[in-house]
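Here is a short report on one structure. It takes up a helix, a loop, the charged pairs and a pocket.

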Amino acid sequence: MSDCIFCKLAGGEIPTNMIYQNELVACFADANPQAPVHVLVVPKCHIESADGVNASNSDAVKAVFEAIPLIAEKLGVKDNYRIINNCGEGVGQSVRHLHFHLLSGSPVMKDRLF
């Protein structure tokens with residue numbers, strides 16, 4: 001999608017500190033971090049939300065979840081992180097591109113329910 005900021009970040013059109021990427025997945029820091037470690041993991045193909053996952057694009061979601069442990073290890077938070085996805089504006093999805101928040105490093109993380 002031409003006006004999607006996450007598509008532009010994942011595609012290199014907008015500079016960012018890319019933490020991880022492969023042909024299907026991009027990971028970069030969240031612009032508004034909620035924990036000491038807070039990155040976004042996104043499929044490079046545009047999927048608007050979890051409601052948009054289907055048989056033709058689910059390989060990208062699979063690739064995201066295969067990348068998450070590699071990203072966690074690279075960030076030094078293996079076996080100590082939380083993954084969050086919001087589906088829809090009513091629950092906090094502010095960018096209409098499927099993305100997963102990987103958060104860690106805060107003592108209150110274990111006490112907060114999302």
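Which residues of helix 2 are buried? In this predicted model, they are Ala 60, Val 61, Ala 63, Val 64, Ala 67, Ile 68, Ile 71 and Ala 72. The cover over these buried residues includes five strands: strand 1 (18-21), strand 2 (25-29), strand 3 (37-43), strand 4 (82-84) and strand 5 (100-104).

**Helix 2**

Helix 2 takes in residues 58-74, 17 residues in total. At 1.5 Å a residue, the expected span is 24 Å. The end C-alpha atoms lie 25 Å apart, so the model agrees with the expected value. The helix has a kink of about 30° at Ala 67. The proline Pro 69 follows shortly after that point. Ala 67 is also among the buried residues of the helix. Just after helix 2 comes Gly 76, with a positive phi of about 75°.

Asp 59 also belongs to helix 2. Is Asp 59 buried or exposed? Asp 59 has a relative accessible area of 56%, over the 50% cut-off, and therefore counts as exposed. Its C-alpha atom is separated by 8.7 Å from that of Leu 24, a residue 35 places away along the chain.

**The loop around Ile 47**

Ile 47 sits in the loop between strand 3 and helix 2. Its relative accessibility is 2%, so Ile 47 counts as buried. The cut-off for that class is under 20%. What does Ile 47 touch, leaving out residues up to four places away in sequence? The contacts are Gly 52, Val 53, Asn 57, Val 61, Arg 96, His 97 and Leu 98. One of these, Val 61, is a buried residue of helix 2. Another, His 97, is 50 residues from Ile 47 along the chain, yet the two C-alpha atoms are separated by 5.5 Å.

**Salt bridges**

Side chains of opposite charge can pair when their charged atoms come close. How many salt bridges does the structure hold? There are two.

| Salt bridge | N to O distance |
|---|---|
| Arg 96 and Glu 48 | 3.6 Å |
| Lys 62 and Glu 66 | 3.5 Å |

The side chains of Arg 96 and Glu 48 form one of the pairs. This pair links distant parts of the chain, 48 residues apart. Arg 96 is in the loop between strand 4 and strand 5, and Glu 48 is in the loop between strand 3 and helix 2. Arg 96 has 34% relative accessibility and so counts as partly exposed. Glu 48, at 36%, is likewise partly exposed. Arg 96 also touches Ile 47.

The pair of Lys 62 and Glu 66 lies within helix 2. The two residues are four apart, about one turn of the helix. Lys 62 is exposed, because its relative accessible area is 52%. Glu 66 has 47% relative accessibility and so counts as partly exposed.

**The largest pocket**

What is the volume of the largest pocket? The computed value is about 480 Å³. The lining is made up of 25 residues, and those closest to the centre are Asp 30, Asn 32, His 38, Leu 40 and His 101. Four elements give two or more residues each to this lining: helix 1 (5-10), strand 2, strand 3 and strand 5. Which element gives the most? Helix 1 does, with three residues. Strand 2, strand 3 and strand 5 also help to cover the buried residues of helix 2.

Methods
Residues numbered from 1 in each chain as written. Predicted model: local features only at pLDDT ≥ 70, side-chain atom pairs only at ≥ 80, totals over all residues. Heavy atoms only, no water. Expected span 1.5 Å × (residues − 1). Bend = angle between axes of the 7 residues up to and from the residue. Buried < 20%, exposed > 50% of the residue type's maximum accessible area, 1.4 Å probe, protein only. Contact = heavy atoms within 4.5 Å. Salt bridge = Lys/Arg side-chain N within 4 Å of Asp/Glu carboxyl O. 1 Å grid on protein atoms, 1.4 Å probe; cavity = no way out; pocket = protein on both sides within 12 Å on 5 of 7 lines; lining within 4 Å. Points joined across faces, edges and corners; volume = space filled by probe spheres on them.
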